[in-house]
Amino acid sequence: AAQAAEAGAEVRRLGVARDTLADLLALLREAVGWADVVVLSGGVSVGAHDHVKAAFAAVGTLDVWRVAIKPGRPFAFGRAVAVGGRAVRLFGLPGNPVSVFVTFELFVRPVLRLLAGHRRAFDRPERLVRVAGRLRGSSGRLTVARVVLEPDPNRPGELVARSSGGQDSHMLFSLATANGLLFVAPDVDLAEGDEATAWMLRTPDA
């Protein structure tokens, strides 16, 4: 909700659905009645109590399921049509908080910006930075690492990126201390001094 508000959306909370398809459908149908974009968190995998896929299919279409990124592989996108023909975008994000943050930045925020009339879907400043230390990639998936971006003491005007801490999807501390997201290509490990692309979430401290 905080990310959506920061992106300029008017936010209404759905509340917490019980682990039943019926309860989730009731909240989802209510949201489709007034929202342009519906964002759910959790219930998007394949467990006995994961009902997002079925709920999206019941109210509209399920167009995307799973994405090759880490963190955030459990992901769903679909569409519904409200009364009067209004299009509604449906996003099912993972349950772990860091995965939610990352998938929101990559997929939901750009849609909110375009719907709000911005010409650019992606607005986070993008920089080519040098890596301080080692960052491991993931087999077959794009890794989105949480990093601290700092001025490079040896290269005026350039930035270095160091890991903000543990990179598991439940580790909120490393997310809270990060001011950037750094992208590591699939099957690639970055070594000290390697260059990579990063998004700036906040302006680095001078």
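Two residues are said here to be in contact when they have heavy atoms within 4.5 Å of each other. With neighbours within four places in sequence left aside, Arg 120 is in contact with Arg 113 and Leu 114. The structure is a predicted model, in which local features need pLDDT of at least 70 and side-chain atom pairs count only at pLDDT 80 or more, while totals for chains, interfaces and linings use all residues. Residues are numbered from 1 along each chain as its sequence is written, and side-chain values use heavy atoms, with hydrogens and water left out.

**The chain as a whole**

The chain has five helices and ten strands, where helices (H or I, at least four residues) and strands (E, at least two) are DSSP runs numbered from the N terminus. A compact globule of 206 residues would have a radius of gyration near 17 Å, and the 18 Å of the chain agrees with this; the radius is taken over C-alpha atoms, and the globule rule is 2.2 Å times the number of residues to the power 0.38. Along the principal axes, the C-alpha atoms fill a box of roughly 60 × 40 × 25 Å. Of the 206 residues, 42% count as buried, a word that means under 20% relative accessible area, whereas exposed means over 50% and partly exposed lies in between (1.4 Å probe, protein chains only). Among contacts between residues at least 6 apart in sequence, 60% join residues at least 24 apart.

**Arg 120 and its surroundings**

Arg 120 lies in the loop between α4 (97-115) and β6 (126-132), and it counts as exposed because its relative accessibility is 52%. A polar atom of the Arg 120 side chain lies 3.1 Å from the backbone oxygen of Phe 122. Gly 85, by comparison, is 35 residues from Arg 120 in sequence and 26 Å from it in space, C-alpha to C-alpha.

**Backbone details in other loops**

The peptide bond from Lys 70 to Pro 71 is cis, with omega near 0 degrees, and Pro 71 is found in the loop between β3 (69-70) and β4 (76-81). The table lists two residues that have a positive phi although neither is a glycine.

| Residue | Phi | Loop | Relative accessibility |
|---|---|---|---|
| Arg 66 | about 80 degrees | between β2 (60-65) and β3 | 39%, partly exposed |
| Asp 187 | about 65 degrees | between β9 (180-184) and β10 (195-200) | 58%, exposed |

How values were computed. Polar contact = N/O pair within 3.5 Å; in protein donor to acceptor, adjacent residues only side chain to side chain.
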